[in-house]
Amino acid sequence: ILTHYPKDLETGMSITRQEARLSEEQQKNITAPEFILRLMETISFSARESEFVDQKSGVSARMGIGIYEAVMAGAERRMVKAGDRTTCLRVADIYSAIPAINGKVEMVYEGEQEGPYNVAVNLIIQSIRKEFEKHFPVEEKKRKGDKKPLDPYREITRWFSAGNALILPADMKDGDYALAMSEVPGLADLIDKHLSDLGPAEKYAGMELLLHGLAAMSKISVRTLNEEVHFSDLLGSIFNGAAGADNDEF
């Protein structure tokens, strides 16, 4: 049973869907999973709670609309570059909305010091984690007789700690995206258990949500290099970062 979503969030989603200006092609060819629509709308709510955002000037209701339009446009651009006729929104597509986020909020001094780009990225990460926590366990459960709690993500984290990595280019074809996700053991089983209502194409976006959520919980690492999303072992990523090999900009 999912945690109840605030009525304000559901209302915001309804307004966003009604007011967003999407082309007929976007509406016809791009599938938008409910969990990604909620995630996008949550960004506005996260902004209204952020210490970096000027709460006196408020966060416009049009922020959610701008995010939705930007993400759909980014997905359409990806679809065309990949040569796909249809596609499903991916979690990484949400980073296409960074300009839309920055254009709808005013920063306090601390936010300006942090940098508008970094504030927007942090808002997205917070929203990803909130949506992740709605669906997946965030605490390890201890079974009777076990000395240590059972980690539901151990199969996934062990795969990454064994030196494996998952690389998702920005213009990756949907077929290749599905194959890449299927390489990570344990992902499909967790989606079937906790997000069983997803359609075939949406399932792989759910897998990406799970990975981004684990990164937000510091169980694995996520970074981008040359417009490619890299998921890898957290410890190995820390050592690579110490060597100056990272470029964490989206």
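The following legends describe close-up views of a predicted model.

**Figure 1. Overview of the predicted chain.** The chain comprises 12 helices and 5 strands. Of its 250 residues, 46% are buried. Among contacts in the chain with a separation of 6 or more, 67% are made by residues 24 or more positions apart.

**Figure 2. Helix H3 and its surroundings.** Helix H3 covers residues 34-47. Its end C-alpha atoms lie 20 Å apart, which agrees with the 20 Å that 14 residues should span at 1.5 Å a residue. Because 12 of the 14 residues of H3 are buried, the helix is largely enclosed by the rest of the structure. The buried residues of H3 include the nonpolar Phe35, Ile36, Leu37, Leu39, Met40, Ile43 and Ala47. Arg38 and Glu41, which are charged, are also buried, as are Thr42, Ser44 and Ser46.

**Figure 3. The largest nonpolar core.** This core contains 69 residues, of which Met40, Ile156, Phe160, Leu166, Leu168, Leu210 and Leu211 touch the most other members. Helix H4, residues 62-82, gives the most to the core, with 8 residues. In soluble globular proteins, nonpolar side chains tend to be buried together. Met40 belongs to H3, where it is buried; Leu210 and Leu211 are likewise buried within H11.

**Figure 4. Contacts of leucine 168.** Leucine 168 is one of the core members that touch the most others. With residues up to four places away in sequence left out, leucine 168 touches Tyr177, Ala180, Met181 and Glu208, together with Glu227, Glu228, Val229 and Phe231. Glu208, one of these partners, is a buried residue of H11.

**Figure 5. Helix H11 along its length.** The 17 residues of H11 extend 25 Å from the first C-alpha to the last, close to the 24 Å expected at 1.5 Å a residue. H11 is mostly covered, 12 of its 17 residues being buried. Glu202, Ala205 and Gly206 are buried, as is the run of residues from Met207 to Ala215.

**Figure 6. Packing of H3 against H11.** The two helices pack at an angle of about 45 degrees, and their axes are 10 Å apart. H3 and H11 are therefore oblique to each other. From H3, the contact involves Phe35, Ile36 and Leu39; from H11, Glu202, Ala205, Gly206 and Leu209 take part. By class, this contact has 5 nonpolar, 1 polar and 1 charged residues.

**Figure 7. Alanine 216 and the segment around glutamine 126.** Alanine 216 is found in helix H11. The C-alpha atoms of alanine 216 and glutamine 126 are separated by 7.9 Å, although the two residues are 90 residues apart along the chain. Apart from residues up to four places away in sequence, alanine 216 touches Ile125 and Arg129.

**Figure 8. Serine 218 in the loop after H11.** Serine 218 lies between H11 and strand E4, residues 221-225. Just after H11, serine 218 takes a positive phi of about 60 degrees. Most residues other than glycine have a negative phi. Serine 218 has a relative accessible area of 48%, so it is partly exposed.

**Figure 9. Serine 50 in the loop between H3 and H4.** Serine 50 is found in the loop that joins these two helices. With a relative accessible area of 11%, serine 50 is buried, because this value falls under 20%. Beyond its neighbours within four places in sequence, serine 50 is in contact with Gln55 and Leu123.

Conventions. Residues are numbered from 1 along each chain as its sequence is written. This is a predicted model: local features need pLDDT of at least 70, side-chain atom pairs count only at pLDDT 80 or more; totals for chains, interfaces and linings use all residues. Side-chain values use heavy atoms; hydrogens and water are left out. Helices (H or I, at least four residues) and strands (E, at least two) are DSSP runs, numbered from the N terminus. The expected span of a helix is 1.5 Å times one less than its number of residues. Buried means under 20% relative accessible area, exposed over 50%, partly exposed in between (1.4 Å probe, protein chains only). A nonpolar core is a set of buried Ala, Val, Leu, Ile, Met, Phe, Trp, Tyr and Cys residues joined through side-chain atoms within 4.5 Å. Contact means heavy atoms within 4.5 Å. Axes are lines fitted to C-alpha atoms, for helices over the stretch in contact, and angles run from 0 to 180 degrees between N-to-C directions. Angles under 35 degrees count as roughly parallel, over 145 as roughly antiparallel, 65 to 115 as roughly perpendicular and the rest as oblique.
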